[in-house]
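Welcome! Take a moment with the sequence and the model, and then let us walk through them together.

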Amino acid sequence: MIQSEAMRKYKKTAENGTIKLFHLRLFMNLRARILLCVALLASSGQVLADEPASDDYQLGRGWKIPGTPIRLGGYASLEAEKDRHEPFKINASDVSLFVWWEGEGKFRFFSELDLEDALVYEDGKNPTTRHGYLALERAYADYLYSECLNFRAGKFLTPIGRWNVIHAEPLVWTTTRPLVTERAFPTNATGVMAYGTLPVGDREIDYSVYTALGEDWRPDPKLDPFEEALGMHVTVPVSSNAEIGVSYANFSQHGSNEERKNLLGMDYFWTHERYEVSAELAYRISDEGSASDESGLFVQGVAPLTDRLYVIGRYEWYNPAGPAPAMNIGLLGLAFKLSPAMVFKAEYIHASRNTVKEPEGVFTSFAILF
Amino acid sequence: MRCRSLTVWAAVLLMGWHIAVAAGEGAIAVITTPGHGKNLKKDDLALIFKRKKVFWSDGMKIQPVNLPPANPLRQSFSLAILGATPDEMEKYWSDMYFHGISPPHVLASEEGMLRFVSDTPGAIGYVSYCRAAGRANIVMIIGANGQLLQEVPADCAD
């Protein structure tokens, strides 16, 4: 690491300078000593202040293993919930570990292991670890050809909408997740991707094109992974503080590999002085007829109440496949940001015609990015 | 008549621009190690400081460095190039962290940045123009109002 070597050189220079000045000080009279002490403090302060600060551990930015290009980080969340269909529950829902490596060359590697539901306490029962599952969320290598074109191979988050690709609890405003961001498509894909940023005029257009091939790596038994998929996502800024994304995917899933699905999605994000509006829409068409189609959308608004406290409102409409009618879900919540890396959330959810047993009730969580 | 008033306004704006150009104080110099950053555009700079552009055209890794978020120069640079304050960029960097991308390293002072950029191959940073003049490889000058300056600022008070 060239940068780290340069940083070490700074520290060494600072130490040497401090030691030499300290030895000189022993041979001087009192006034000179006082003056020198002041100068020494000022100069060492200056030198130390010039040292790069960001190699040190910082919450929410990970830790670089000294002398290596490897970094460790992750996030954790603890949830307490009273779903109206379930008993009261406390759940260590995610302990996620990131390990990534980035050297001076064109390759980099990233992985995420997520220990889900590691410890669950349900009202009237003993705490248990039997729901625990170690999921391989992501494991991929990138080849960075240029800002316009990069390649990724391995297991990655499916780039459909915004929520799925930044779904970590500390990065989203609510404990629960909109259905449209996870029910209409498999959230992970194992395959290859090309992605990059294309400058068009004075705008940066982010794109990704991917294909999922064959078996998913360590598929989560609760999910139905891709059997085969081809998709793309494009994000276009529409102003200095708003962007629109478009997703398309043609895929089949392991559990129903004869059925071919086409998904068209849109997402929107706007932010201004800590206010936010986001929305996602997905429309999935099945080649088995309209009874298997699925669609939904959500709109979410966030407004600051104080420096750290935010209020969140969300409306979601979801029309599941099959004969069940479309449902409406409303959410009202609060989020208290202890720091950019720590958030406490509480929300109330009410759903009408809740045929898919979407969680309803009061949900709280504490999440930390470490 | 309308043309005349437009001409007057244009002259006033031009004069203001020349005054801004003449005042080196407040201008930001984007500095690199020699051999990099020639013909650098504002859009490239934004991509570099968002860690989306990571290599120079010769294949060397770009090493961008920032001043601390509260530093007025960092605030001006961030607004001029990224269109957002460092605080407003926090969410962007948290999202990037989720993908294993770290923000540029932070150096505590402009002197530190001058030394780091001159010593580190591939480095790019920024300091006040008057501090960089004659001491660093300047590839871009950003005026006090965030606009790119085509001419070298004339005076720097010591």
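A nonpolar core is a set of buried Ala, Val, Leu, Ile, Met, Phe, Trp, Tyr and Cys residues joined through C-beta atoms within 7 Å. Buried here means that 20 or more other C-beta atoms, placed from the backbone, lie within 10 Å of a residue's own; exposed means 12 or fewer, and partly exposed is in between. This is a predicted model, in which local features need pLDDT of at least 70 and side-chain atom pairs pLDDT 80 or more, while totals for chains, interfaces and linings use all residues. Residues are numbered from 1 along each chain as its sequence is written, and chains are lettered from A and ligands numbered from 1 in the order in which they are written.

Let us start in chain B. The largest nonpolar core has 34 residues, and B:Ile28, B:Met113 and B:Ile142 are among those with the most contacts inside it. Strand 1 (28–32) and helix 5 (110–119) of chain B are among the elements that each supply at least two residues of this core; helices (H or I, at least four residues) and strands (E, at least two) are DSSP runs, numbered from the N terminus. A second, separate core of 28 residues includes A:Phe110 and A:Ala189.

Now turn to A:Gly191, in strand 8 (residues 188–200) of chain A. A:Gly191 is buried because 22 other C-beta atoms lie within 10 Å. Beyond its neighbours within four places in sequence, A:Gly191 is in contact with A:Tyr210, A:Thr211, A:Ala212 and A:Leu213, contact meaning C-beta atoms, placed from the backbone, within 7 Å.

Finally, the two chains meet: the contact takes 30 residues from chain B and 30 residues from chain A. On the side of chain B that touches chain A, helix 5 of chain B gives the most, with five residues.
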